[in-house]
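Work through the exercises below on side-chain contacts. Each task is followed by a solution in steps.

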Amino acid sequence: NLIEQRAIADILSALDEAIMQSESLIQKYQSIKQGLMADLLTRGVDENGELRPSCEDAPELYRESSLGRLPKTWGVSTLDEQVKIFDCKHFTPKFVNRGFAFIRPRNVKVDGLDFSDINFISEKDYHFLTDKHKPRKGDIVFSRNASFGTPCFVSTDTPFAIGQDVVIMTKKKAENLFIYYSLLADTTTRQVQLVSTGSTFGRINLEFIRRIIIPVPEKHEQIIIANLLADVDYLISTEKTNLGKLQLLKYGLMQDLLSGQVRVKV
């Protein structure tokens, strides 16, 4: 009847409103993250852990560098000097139904490894592909094909091997989480775009990756910067989970309410 139809419409409208609010919140957090990255990766934090005054307000705190104006206490370095970089083996294993995860460029996402569309390899091939380094939590996976220069911070204990056109970065000098955010910075993406634009085969080579220039603050400052950005990422991730639950709830309710399997008590 009409009253029940209106009640169903009200329930679904309320869910739509909640979904819109969640999407808006995600966009807000992402905007905050972009602004924070722009500031933290060019200005950093002072001894009190607060954002350093801008170059315009305190030019004496900055110096010219190959990456533009940076705080005087910061260095500039190649990626290869700060992390150990392991290339993939140029070997395509035979896929199996169950086994170890095999990461390819399509599985490398900025917000984490995507295991939803994954291939599996045997234990023998896994050990062969990881004989120099077994990827682990805290490493960075970097795609050099298809999704050009996409970094992914490994936050899982799930063992995996990397396929062609993927490299692994592990700790050497700098904090890996800081390196991950540095790889997302405008100064890095511009370097990658410059090379990828002239790439005939749609990939960037290992030597270029090794030569990527990044800013290098003091170790304690790297940790503070990385943690501040990770906090925002946590908010984004939590809200995305919430959004997914709301969307599933709406889908389930539509199936139940519009089919009459569940009746609304008016």
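**Exercise 1.** Find the distance of the salt bridge between E175 and K171 in this predicted model, and classify the accessibility of both residues.

Solution. Step 1: the side chains of E175 and K171 form a salt bridge with an N to O distance of 3.0 Å. Step 2: E175 has a relative accessible area of 24% and is partly exposed. Step 3: K171, at 41%, is partly exposed. Step 4: elsewhere, salt bridges with shared partners connect D80, E207 and R210 into one network. The structure holds 14 salt bridges.

**Exercise 2.** Place the salt bridge between K240 and D111 in the chain, and state whether D111 is buried or exposed.

Solution. Step 1: the N to O distance between the side chains of K240 and D111 is 3.4 Å. Step 2: K240 belongs to helix α7 (residues 219–259), while D111 sits in the loop between β7 and β8; the two are 129 residues apart, so the pair links distant parts of the chain. Step 3: D111 has a relative accessible area of 62%; because this is over 50%, D111 counts as exposed. Step 4: K240, at 35%, is partly exposed.

**Exercise 3.** Locate the partners of the salt bridge between D117 and R106.

Solution. Step 1: these side chains, D117 and R106, meet at 3.3 Å, N to O. Step 2: D117 lies in the loop between β8 (112–113) and β9 (119–121), and R106 in the loop between β6 (100–103) and β7 (108–109), 11 residues apart. Step 3: D117 is partly exposed at 42%, and R106 is partly exposed at 36%.

**Exercise 4.** Classify the geometry of the aromatic pairs F95–F102 and F153–Y180.

Solution. Step 1: a search of the whole structure gives five aromatic pairs. Step 2: for F95 and F102 the centres are 5.5 Å apart and the planes make an angle of 55°, so the pair is tilted, being neither under 30 degrees nor over 60. Step 3: F95 is partly exposed at 31% relative accessibility, whereas F102 is buried at 3%. Step 4: F153 and Y180 are also a tilted pair, with 6.0 Å between centres and 50° between planes. Step 5: F153 lies in strand β11 (residues 150–153) and Y180 in helix α4 (residues 176–184), 27 residues apart. Step 6: F153 is partly exposed at 23%, and Y180 is buried at 4%. Step 7: ring pairs join F153, Y180 and Y181 into a cluster.

**Exercise 5.** Which residue lies over the face of F128, and at what distance from the ring centre?

Solution. The residue is K89, at 4.0 Å from the ring centre of F128.

Key
Residues are numbered from 1 along each chain as its sequence is written. This is a predicted model: local features need pLDDT of at least 70, side-chain atom pairs count only at pLDDT 80 or more; totals for chains, interfaces and linings use all residues. Side-chain values use heavy atoms; hydrogens and water are left out. Rings of Phe, Tyr and Trp (its six-membered ring) pair if their centres lie within 6.5 Å; planes under 30 degrees apart count as stacked, over 60 as edge-to-face and the rest as tilted. Buried means under 20% relative accessible area, exposed over 50%, partly exposed in between (1.4 Å probe, protein chains only). Helices (H or I, at least four residues) and strands (E, at least two) are DSSP runs, numbered from the N terminus. A charge sits over a ring if NZ of Lys or CZ of Arg is within 6 Å of the ring centre and within 35 degrees of the ring normal. A salt bridge is a side-chain nitrogen of Lys or Arg within 4 Å of a carboxyl oxygen of Asp or Glu.
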